[in-house]
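Here's a quick briefing for anyone meeting this structure for the first time. Have a look at the sequence and the model, then read on.

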Amino acid sequence: MVRVRFAPSPTGYLHIGGARTALFNWMYAKAQGGKFILRIEDTDKVRSKQEYLDEIMDSMQWLGLSWDEFYKQSDRFDLYTQYAQKLLDEGKAYKEVREEGGGEAIVLKMPEKVIKIYDLIRDEIVVDTKELKDQVLIKSDGSPTYSFACVIDDALMEISCVIRGEDHISNTPKQIVIYEALGFKPPKFAHLPLILDDERARLSKRAGAVAVTDYRGQGFLPQAVVNYLMLLGWSPGNNQEKVVLDNAIKNFSIKKINKAGAAFSMDKLKWLNGEYIKEMDNAQLSAAVTPFLVKQWGAGCLEGKTLENIVQLYKGRMSTLLD
RNA sequence: GACCCCAUCGUCUAGCCUGGUCAGGACACAAGCUUUUCAAGCUUGCAGCGCGGGUUCAAAUCCCGCUGGGGUCGCCA
């Protein structure tokens with residue numbers, strides 16, 4: 001049974017890179033007849049915010065990425081503490097008193113060995129634990145660290161393949177050590193290439209829109225965003241650009257995902273969006289455009305047939321609903 | 001800096017695994033057609049295997065090195 005998850009932390013809005021990670025997980029689950037799990041990694045009590053959680057779920061729904069199961073790590077703190085205690089009892093971890101502020105953290109001893117990661121996209125990645133330090137499992141405030149909670153949840157939720165961004169490659173070996181200490185079998189991994197801006201640097205705010213909601217606000221259709229995102233690092237083959245989602249799912253294969261980072265192109269997204277706009281009928285398009293008109297000019301400025309006629313006129317030249 | 005990942009047109013990519021098709025498509029760009037004009041549409045064009053060594057009759061494709069880019073080095077996730 002294929003079980004995959006998307007695990008955002010509600011410390012910010014859902015950005016376009018996260019959205020693609022979610023999309024690939026979702027497509028893989030659909031393609032394999034598996035389950036797609038949304039797990040909120042809200043172990044950082046200070047930075048996690050309800051408004052971000054709402055925005056993340058809202059963005060995913062807008063994109064059509066529905067989940068089969070839902071969990072929040074903040075509901076599961078007892079579990080993490082239990083497993084940490086177990087490692088303590090087995091002598092695999094030790095307590096460490098924090099110099100400032102006090103409090104005891106639980107830290108995993110790093111064994112000496114060579115770790116092999118099996119990555120579906122990159123094949124085998126080998127790392128010597130000599131490169132790694134002992135890992136904090138439970139912070140001195142009692143909350144689990146990212147890696148510890150992540151490993152326990154992935155194991156307990158029986159995640160078959162962890163599909164996440166390439167920025168997580170370097171903490172994969174640390175996590176494998178935790179799996180082994182706990183006696184869990186590590187899942188498969190697939191590390192997605194990162195989405196870069198037009199200067200090939202990591203996507204950041206100055207590159208324009210980053211949040212999924214920004215694209216929504218700028219008049220992009222969810223189908224276009226989804227279509228564009230799946231083309232970043234993957235191709236359905238046979239020279240298709242405008243992809244029917246069901247066909248894409250049918251053709252989806254993790255092994256065909258690219259290894260190299262992909263630069264985000266607003267031009268191509270706009271073109272795709274225009275293509276989707278052209279195929280909408282006037283009534284649909286009028287309805288889609290109305291919220292933007294209301295926002296700009298107030299309610300009731302254009303309605304019914306008049307709007308449909310105008311929309312008909314402009315359909316060919318629009319690349320976003322804002323136009 | 002250390003460790004890890006990566007490398008096909010400006011950009012996204014097909015091709016790479018199982019060497020032998022003028023390296024294919026798309027966005028952008030340019031020109032033309034069409035159009036009262038602008039878009040759209042159609043046609044055409046421009047443009048690429050980072051470099052150097054191997055292996056081979058033959059390398060974008062396999063191997064090594066270099067260069068370049070990216071990622072990670074938190075009691076953040």
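## A first look

Let's start with one residue: Asn-238 is exposed, because just 7 other C-beta atoms lie within 10 Å. A residue is called buried if 20 or more other C-beta atoms lie within 10 Å of its own, exposed if 12 or fewer, and partly exposed in between, with C-beta atoms placed from the backbone. Keep in mind that this is a predicted model, so local features need pLDDT of at least 70, side-chain atom pairs count only at pLDDT 80 or more, and totals for chains, interfaces and linings use all residues. Residues are numbered from 1 along each chain as its sequence is written, while chains are lettered from A and ligands numbered from 1 in the order in which they are written.

**The loop between H7 and H8**

- Asn-238 sits in the loop between helix H7 (222-230) and helix H8 (245-251). Helices (H or I, at least four residues) and strands (E, at least two) are DSSP runs, numbered from the N terminus.
- Asn-238 isn't a glycine, yet its phi is positive, at about 30°.
- Asn-239 is in the loop between H7 and H8 as well, and it also has a positive phi without being a glycine, this time about 55°.
- Asn-239 is exposed, with 6 other C-beta atoms within 10 Å.

**Chain A as a whole**

- Chain A holds eleven helices and twelve strands.
- Its C-alpha atoms fill a box of roughly 75 × 45 × 40 Å, taken along the principal axes.
- Chain A has 323 residues, and 34% of them count as buried.
- The average pLDDT of chain A is 94, and 98% of the residues score at least 70. That score is the predictor's confidence in each residue, from 0 to 100.
- For the model, ipTM is 0.94 and pTM is 0.96.

**Around RNA strand B**

- RNA strand B is surrounded by 46 residues, and the closest are Ser-9, Glu-41, Tyr-146, Ala-260 and Arg-317. A residue is near a molecule or strand if its C-beta atom, placed from the backbone, lies within 6 Å of it.
- Strand E7 (123-128), strand E12 (262-263) and helix H9 (266-278) each bring at least two residues to the surface near RNA strand B.
- H9 gives the most to that surface, with three residues.
- Sorted by class, the surface near RNA strand B has 18 charged, 14 polar and 14 nonpolar residues. Here Ala, Val, Leu, Ile, Met, Phe, Trp, Tyr, Cys and Pro count as nonpolar, Asp, Glu, Lys and Arg as charged, and the others, Gly among them, as polar.

**Helix H1**

- Helix H1 (residues 16-32) has 17 residues, which at 1.5 Å a residue should span 24 Å; its end C-alpha atoms are 24 Å apart, so the two agree. The expected span is 1.5 Å times one less than the number of residues in the helix.
- H1 is largely enclosed by the rest of the structure, because 14 of its 17 residues are buried.
- Right after H1 comes Gly-33, with a positive phi near 65°.

**The sheets**

- One open sheet has three strands in the order E1-E2-E3, with parallel pairing. Strand E1 (3-6) and strand E3 (69-72) are at its edges, each with a single partner strand, so one side of each has no neighbour in the sheet.
- In this E1-E2-E3 sheet, neighbouring strands are turned by 25° against each other on average, direction ignored.
- Strand E2 (residues 35-40) and E3 run parallel and are joined by four bridges; Arg-39 stands opposite Tyr-71 in E3. Two strands pair if DSSP finds at least two bridges between them.
- Another open sheet of three strands runs E4-E5-E8, and its pairing is antiparallel.
- E4 and strand E5 (residues 104-108) share five bridges, and Lys-95 stands opposite Ile-106 in E5.
- Strand E9 (residues 161-165) is mostly covered, with four of its five residues buried. E9 runs parallel to strand E10 (residues 188-192), joined by five bridges.

**After E3**

- Asp-75 is in the loop between E3 and helix H3 (77-89).
- Asp-75 is exposed, with 10 other C-beta atoms within 10 Å.
- Asp-75 and Asp-42 are 33 residues apart along the chain, and their C-alpha atoms are separated by 9.3 Å.

Note on methods. Axes fitted to C-alpha atoms, helices over the stretch in contact; angles between N-to-C directions.
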